[in-house]
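Biologist: Please take a close look at the network of salt bridges in this model, and explain the terms as you go.

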Amino acid sequence: MKKISILLTFLIGVGFALAQEGKSKTEPLTKKGQMLIFWGWNRAMFSNSDIHFKGEGYDFVLHKVVAHDRPSDFSYHNYFQPDRITIPQTNQRFAYFVQDNMAFVVGVDHMKYVMDQDQTVKFSGKITNPVYGSMMQNGQIDLSDAEFLTFEHTDGLNYINFGLENYKNIYNKDNFDIVWSYGAGLGPMFPKSNVKLFGNERSDRFHVAGFGVDGRTSLNFVFWKHIVARIEAKGGYINMFDVKTTLNNKPDKALQDFVFGQFNFGVGYTFNTRKNN
């Protein structure tokens, strides 16, 4: 998370400093009626979280669980083959400028969240099943053999977000612009969570599980008025209070909340929807 905080601070500082010297006039990418379509990839970081499991015969919390993202190995096959481009950790974005320098944004952040298997965590609560209850030793559970639990949002940790972003042109030359943006968003979490608890069949289905909120800032490099290369830092909070842990309609579920950070990079295309501008 520290790296994301540093990047956020850097992008905000660079954008603010350049904005003080840059032109204030509206330039490509920042005009009312402009649209931007963006595709990119991300690396994500997550704070440790308490995960609360509730169901028939058990009600317990695993404390300070460690998790990481799972980026795909970089290759044409993984990142650019048409039938596989949604498998890596990706970002899709659509922005419409409702006024000069202000855009309404709809995005999907496809992150991956994987609980580290090789860890021992603090346990509190109850398990009536004697086999799995006996795995608790001195108030702790060793998760390393995966018999007790595997827990992932790898298809993925999908954050569907709606937000507003402010854009400022900070450098302008023929066929090249640099545009700084910052904003915030919120929206539902729609993960496909891969959970296997107590040796049961794995739960693996899409479900609205909670919500997220975020702040973001980016530098956008615009070539020939239309092609956009973007680097972005994003940080926020996720609260999922209804993660499905079984395949049937039982009320079994998990609850967790955590802070996340993202570093995003990718390319886009911008065009104007207004003929007279």
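Modeller: A network of salt bridges links R93, E165, D214, R216, R230 and E232, where a salt bridge is a side-chain nitrogen of Lys or Arg within 4 Å of a carboxyl oxygen of Asp or Glu. This is a predicted model, in which local features need pLDDT of at least 70 and side-chain atom pairs count only at pLDDT 80 or more, while totals for chains, interfaces and linings use all residues. Residues are numbered from 1 along each chain as its sequence is written, and side-chain values use heavy atoms, with hydrogens and water left out.

Within the network, E165 pairs with R93, their closest N and O atoms being 3.2 Å apart. Because E165 lies in strand β9 and R93 in strand β5, this pair ties together parts that are 72 residues apart in sequence; strands are DSSP runs (E, at least two residues), numbered from the N terminus. Both E165 and R93 are buried, a word that means under 20% relative accessible area, with exposed over 50% and partly exposed in between (1.4 Å probe, protein chains only).

E232 and R230 also meet through their side chains in a salt bridge, at 4.0 Å from N to O. E232 is buried, with a relative accessible area of 1%, and R230 counts as buried at 2%.

R216, another member of the network, has a polar contact of 3.3 Å with the side chain of N161 through its own side chain. Such a contact is a pair of N or O atoms within 3.5 Å; within protein, one must be able to donate a hydrogen and the other to accept it, and residues adjacent in sequence count only if both atoms are side-chain atoms. N161 is found in strand β9, which spans residues 149-173, and is buried, with a relative accessible area of 0%.

Terms used:
Helices (H or I, at least four residues) and strands (E, at least two) are DSSP runs, numbered from the N terminus.
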